[in-house]
Amino acid sequence: LPGLAAAAAAVVYTARANTAKSDDALGFELDAIAGAVLGGASIQGGRGSAAGVFLAVLTLGALRTGSILLGVSELYQRMATGAILVAVAALNERTAGR
């Protein structure tokens with residue numbers, strides 16, 4: 001199922017961009033990792049839910065779109081995504097220890 005979702009996303013992205021280059025999605029790694037961690041998937045293994053990841057990706061997308069509309073530089077957008085990722089990972093570690 002994840003492979004099918006990745007293939008569908010690749011087709012949609014290629015159709016939208018009207019091109020298929022090997023480095024088209026360069027830089028999406030941070031967003032993918034942040035979406036998974038925000039969705040509840042543990043970096044060290046564990047369980048997460050597809051619904052949680054979906055909501056996390058929607059939240060990150062809304063934050064990204066809002067910051068674009070506000071004219072925030074992409075550098076600061078990436079910094080905010082990284083800060084959110086570190087905060088959630090630290091919170092996961094703290095709650096996992098209990």
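So, to kick off: is valine 72 buried or exposed, and what is its relative accessible area? Valine 72 comes out as partly exposed, with a relative accessible area of 34%. One thing to keep in mind throughout: this is a predicted model.

Okay, the overall picture. The protein chain has four helices and zero strands, and reading along the sequence you get α-α-α-α. Along its principal axes, the C-alpha trace spans about 50 × 35 × 20 Å. There are 98 residues in the chain, and buried ones make up 14% of them. In helix 2, the buried residues are Ala34, Gly35 and Val37.

Back to valine 72, then. You'll find valine 72 in the loop between helix 3, residues 50-69, and helix 4, residues 74-96. Valine 72 also belongs to a nonpolar patch on the surface, together with Leu70, Leu75, Tyr76 and Met79. Taken together, those residues have about 550 Å² of accessible area. The patch rule asks for over 30% relative accessible area, and valine 72 has 34%.

Next up, charges. Side chains of opposite charge can pair when their charged atoms come close. How many salt bridges does the structure hold? Three. And Asp31, Arg64, Glu74 and Arg78 are linked in a network of them, so let me walk you along it, pair by pair.

Start with arginine 64 and aspartate 31, whose side chains meet at 3.1 Å, N to O. Arginine 64 sits in helix 3 and aspartate 31 in helix 2, residues 29-38, so this salt bridge ties together parts that are 33 residues apart in sequence. Aspartate 31 is partly exposed, with a relative accessible area of 22%.

Aspartate 31 also has a salt bridge with arginine 78, this one at 3.9 Å, N to O. If you're wondering about the cut-off, a salt bridge here needs the nitrogen within 4 Å of the carboxyl oxygen, so a pair at 3.9 Å counts. That pair links distant parts of the chain: aspartate 31 is in helix 2, arginine 78 is in helix 4, and they are 47 residues apart. Arginine 78 is partly exposed as well, at 23% relative accessible area.

From arginine 78 we go on to glutamate 74, with the closest N and O atoms 3.5 Å apart. This one stays inside helix 4: the two residues are four apart, about one turn of the helix. Glutamate 74 is partly exposed, with a relative accessible area of 48%.

Now for the pockets. Rolling a probe the size of a water molecule over the atoms shows where empty space is left. In this model, the largest pocket holds about 960 Å³ of space. It is lined by 27 residues, and the closest to its centre are Phe28, Asp31, Ala32, Val57 and Gly61. Yes, that's the aspartate from the salt bridge network again. Helix 1 (2-17), helix 2, helix 3 and helix 4 each give two or more residues to the lining. Which element gives the largest share? Helix 3, with 10 residues. By type, the lining divides into 16 nonpolar, eight polar and three charged residues.

A couple of backbone spots before I finish. Most residues other than glycine have a negative phi. Asparagine 18 has a positive one, near 60 degrees. Asparagine 18 is found in the loop between helix 1 and helix 2, and it is exposed, with a relative accessible area of 70%. Then there's glycine 40, just after helix 2, with a positive phi of about 110 degrees.

Last item: isoleucine 68. Isoleucine 68 lies in helix 3, yet it is exposed, with a relative accessible area of 53%. The cut-off for exposed is over 50%, so isoleucine 68 qualifies. If you want a distance to check on screen, take isoleucine 68 and alanine 20: they are 48 residues apart in sequence and 25 Å apart in space, C-alpha to C-alpha.

That's my tour.

Technical notes:
Residues are numbered from 1 along each chain as its sequence is written. This is a predicted model: local features need pLDDT of at least 70, side-chain atom pairs count only at pLDDT 80 or more; totals for chains, interfaces and linings use all residues. Side-chain values use heavy atoms; hydrogens and water are left out. Patches are made of residues with over 30% relative accessible area and no salt bridge: like charges are joined within 9 Å, nonpolar side chains (Val, Leu, Ile, Met, Phe, Trp, Tyr) within 5 Å. Accessible areas come from the Shrake-Rupley method with a 1.4 Å probe; for residues, only the protein chains shown count as cover. Buried means under 20% relative accessible area, exposed over 50%, partly exposed in between (1.4 Å probe, protein chains only). On a 1 Å grid over the protein atoms alone, a cavity is a set of points where a 1.4 Å probe fits but cannot get out, and a pocket is an open set with protein on both sides within 12 Å along at least five of seven lines; lining residues have an atom within 4 Å of a point. Grid points are joined across faces, edges and corners, and a volume is the space filled by probe spheres set on the points. Ala, Val, Leu, Ile, Met, Phe, Trp, Tyr, Cys and Pro count as nonpolar, Asp, Glu, Lys and Arg as charged, and the others, Gly among them, as polar.
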